[in-house]
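Visitor: I'd like to learn how to read helix packing and burial in a model like this one. Could you walk me through it?

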Amino acid sequence: MIPLAYELLVSAALFCIGLYGVLARRNAIIVLLSIEIMLNASILNFVAFSWGSGNPSGQVFALLGIAVAAAEAAVGLAVFLSIYQTHGSIDLDQIRFLKW
Amino acid sequence: MIANAWVVWLILLLPLGAFLVAAVAGRRLREGGGYVVVGAMAGSLVLSLYVFVQVLMQGGLGGNFAPQTITGYVWLPSIPGNEIRISILIDNLSSLMLVLVSFLCLLIFVYSLAYMHQEEGKPRYYAEVSLFATGMLGTVSADNFLQLLIFWEIMGLCSYLLIGFWYHKPEAAAAAKKAFLVTRVGDVLFLIAVLIIWSEFGTLRFNEIATRVGLLSPQLLTLIPLLLFGGAVGKSAQFPLHAWLPDAMEGPTTVSALIHAATMVKAGVFLTARSFIFLVPAVPGVAPPFTAILVIAVIGGFTTLFAASMAVVNNDIKRVLAFSTISQLAYMFLGLGAGAFLMANEAVHGEPLNPAGYSAALYHLFNHAFFKALLFLGAGSVIHAVSTNDMREMGGLSKSMPVTSKVMLFGALALAGIVPFSGFFSKGEILSSTFEAGAGNPLFYLLYAFGLVTAFLTAFYAFRLWYLTFHGEYRGHEHAHESPRLMTFPLMILAGFALVSGLLAYPMGGFGNLVFFARADARPPLIGEPAQVYLLEGLSLGVALLGVWLARSIYSTRRIPAERFTAIPGGAFVQRMLAKRYWIDDAYDAFGRTVVVGVARALDWFDRRVIDGIVNGVGRGGMRIAVESDAFDRRVIDGAVNAVSLETIRTSWRLRQRQTGQVQNYAWVVVVGIVAVVILLFGMSFLQRFLGGR
């Protein structure tokens, strides 16, 4: 049986990878992928604690989280598609029109 | 008690309704509503007669009709029993006055139908005369002093409107204003009297006051009748407020007849008759105010001679009658004064009251109303024919105007006091009462002498008027003709009354029976009197005949040329003095021009310099404060507000530099923030554990 701490370490490592992607990469798609990784890291935490404590509601929450992640990805991709069609680029350095 | 007492209200309401009809719809009615007004007045006359007959039946003759109040609605609410109501008082005096007023008004209105036929503004005329009649009927039937004052003022207003009927004539407008202002002086005194009565008695009703006069201090008992008499002096044009009446002849002649013969000027006499409750207190032990009585008698005695003398030289047919009216009214006041003096003396000595002087005055009021209305309407008929008021342009009209000439002769005989015409009886009674009062106070002998001289002058100017108008050669240019039947018919009725109204006292058993102090022992005039009375009556008849003879000698047969009077030393001066009305009108004008205008100028100066100065100073001060506060507002208040907003703008500019629009910057901020929070939480729990664990 894998100790809970290992699972949490994996989850934290995934979260850090995702965070790096979000903060460092310039391509919007990559950033979106990185967000998905972070989301999955937290879902993994849910599952791990559910497993560790024997309470199944954490697994239910994980399923809910996956559904939300799917919807979020769909919305995000649609936004990027739209930005690409109007500006010809999805480089996050270029996308800075939401300022004063 | 009067059966169906409510009909009494209709006596007032009929002419009031006619006034409204004529005022609102007069333009669309025939004769400007004249027929409506005449009809309403006829209704009033019928109802007045109904009331009068009932009063007569129930003891007016030789007995005492218990005064009946027909209670109306509460006009001024107050504590119960103390409120002021509009009520009608029916007693001997008011029932007689109602008949007299409505009868004369009716005749004058009928006459107006013809006289005013050609005039513009007939609806106005008929509305005003009808309201006027309402005022007079209300005055004589009033139950309390306030109601009397209200109707009295309605009359005052209507007299103003009617005297100024031809308002486009400057003289008429001025005369109307003069009449209004001069009578106002008296009305103010009347109002003061009403206020004093209210504050002293808490009631204004004649009947209640009469039983309570004992409450008054002697000073107030003198003051109140004097103030009331002040009102009467204004309304009845006695000296020194007589100046308005001669000028008031600027109105239509029918108005002169209405106001100056039959109704309004009589209201003053009526008021003084009502104030007998003060002059001769009905409460035993209260000393009568002899001072007030003497003032009334002296003003009356003086004015009668004063006005008659001015009538002698005037050439305006209506003005002669106007002065005559003043003089005859003064006779009535003299009679009231003498009568009050006699009664007050008798009351002091505990003797039965003899109302001879009082009833003589009201008797004269009754007679005068007929013959003076007759003279005015006759004069109107003449003016209608010759289109002038100036007697110098008349003469010889008896041929072209036989009816008018004869009725005017009747009026002149009644005015002069030639037996058996009405003036003889009442004037004689007034003079004998005055002479009788002389035994108590010798002043009355002097007043008697005034009255006697006036009797002579009255006869003289009455016949001067008649001879100048109807005898000799015609001196004018018009083609004179007799007036229409509608005008001569009222004249003939009035002429009949001028003859018989004096004699009416015989079947009535003495006029004193009918008015106020009705008594069983009142006698018809000149029956069973002491020899002295016959002597006095003979004397007054003698001087009247002398006056007629003198007028005939000067103006008809011309045996005595008029120039002889102006030729004697001082004669011209007297003539001028009388023609200028003793310069009293001039003096009033001069008083107005110098004193009143001077005071007005001084007040104007004070107003401009002092009051306006203060106001302007305050205004400038206010302006300075406004300027200062404006500066404070701009610099300090606005400065603070602007500084705050400027600083806000600057801060926001700095802050928005931080908003790059780059998502990843924001992500960094979030991450750094979370890390900081986590460190903080761990740090705090570590500290807690460290501190708590020790």
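**Starting from one residue**

Guide: Setting aside neighbours within four places in sequence, B:Phe270 is in contact with B:Met97, B:Thr139 and B:Val140. Keep in mind that this is a predicted model.

Visitor: Where does B:Phe270 sit?

Guide: B:Phe270 belongs to helix 11 of chain B, residues 264-274.

Visitor: Is B:Phe270 buried or exposed?

Guide: For burial, count the C-beta atoms around the residue; 20 or more within 10 Å means buried. B:Phe270 has 26 other C-beta atoms within 10 Å, so it is buried. There's a long-range pairing to look at as well: its C-alpha atom is 8.2 Å from that of B:Leu362, and the two residues are 92 apart along the chain.

Visitor: Can we do burial for a whole helix? Why is helix 5 of chain B described as largely enclosed by the rest of the structure?

Guide: Go residue by residue again. In helix 5 of chain B, 15 of the 19 residues are buried, so the rest of the structure largely encloses it. Helix 5 spans residues 145-163 and reaches 26 Å from first C-alpha to last, close to the 27 Å expected at 1.5 Å a residue.

Visitor: On to pairs. At what angle do helix 17 and helix 19 of chain B cross?

Guide: Roughly 170°, with the axes of helix 17 (residues 402-416) and helix 19 (residues 443-470) of chain B coming within 8 Å. Anything over 145 counts as roughly antiparallel, and helix 17 and helix 19 of chain B are therefore roughly antiparallel to each other. Helix 17 of chain B passes helix 19 of chain B in a left-handed crossing.

Visitor: Which residues of helix 17 of chain B meet helix 19 of chain B?

Guide: Here's a handy rule: an α-helix has 3.6 residues a turn, so residues three or four places apart point the same way. In this pair, B:Ser405, B:Met408, B:Leu409, B:Ala412, B:Leu415 and B:Ala416 of helix 17 meet residues of helix 19 including B:Ala459, B:Phe463 and B:Trp466. By class, that contact has eleven nonpolar, two polar and no charged residues.

Visitor: And how far apart are the axes of helix 14 and helix 19 of chain B?

Guide: They are 11 Å apart, and helix 14 (residues 317-348) of chain B packs on helix 19 of chain B at about 155°. Helix 14 and helix 19 of chain B are therefore roughly antiparallel to each other, and their crossing is left-handed. Their contact has nine nonpolar, six polar and no charged residues.

Visitor: How many residues of chain A are in contact with chain B?

Guide: Nine, and they touch ten residues of chain B. The chain A side divides into seven nonpolar, no polar and two charged.

How values were computed. Residues are numbered from 1 along each chain as its sequence is written. Chains are lettered from A and ligands numbered from 1 in the order in which they are written. This is a predicted model: local features need pLDDT of at least 70, side-chain atom pairs count only at pLDDT 80 or more; totals for chains, interfaces and linings use all residues. Axes are lines fitted to C-alpha atoms, for helices over the stretch in contact, and angles run from 0 to 180 degrees between N-to-C directions. Helices (H or I, at least four residues) and strands (E, at least two) are DSSP runs, numbered from the N terminus. Angles under 35 degrees count as roughly parallel, over 145 as roughly antiparallel, 65 to 115 as roughly perpendicular and the rest as oblique. A crossing is left-handed if the near helix is turned anticlockwise from the far one by less than a right angle, and right-handed if clockwise. Two residues are in contact if their C-beta atoms, placed from the backbone, lie within 7 Å. Ala, Val, Leu, Ile, Met, Phe, Trp, Tyr, Cys and Pro count as nonpolar, Asp, Glu, Lys and Arg as charged, and the others, Gly among them, as polar. The expected span of a helix is 1.5 Å times one less than its number of residues. A residue is buried if 20 or more other C-beta atoms lie within 10 Å of its own, exposed if 12 or fewer, and partly exposed in between; C-beta atoms are placed from the backbone.
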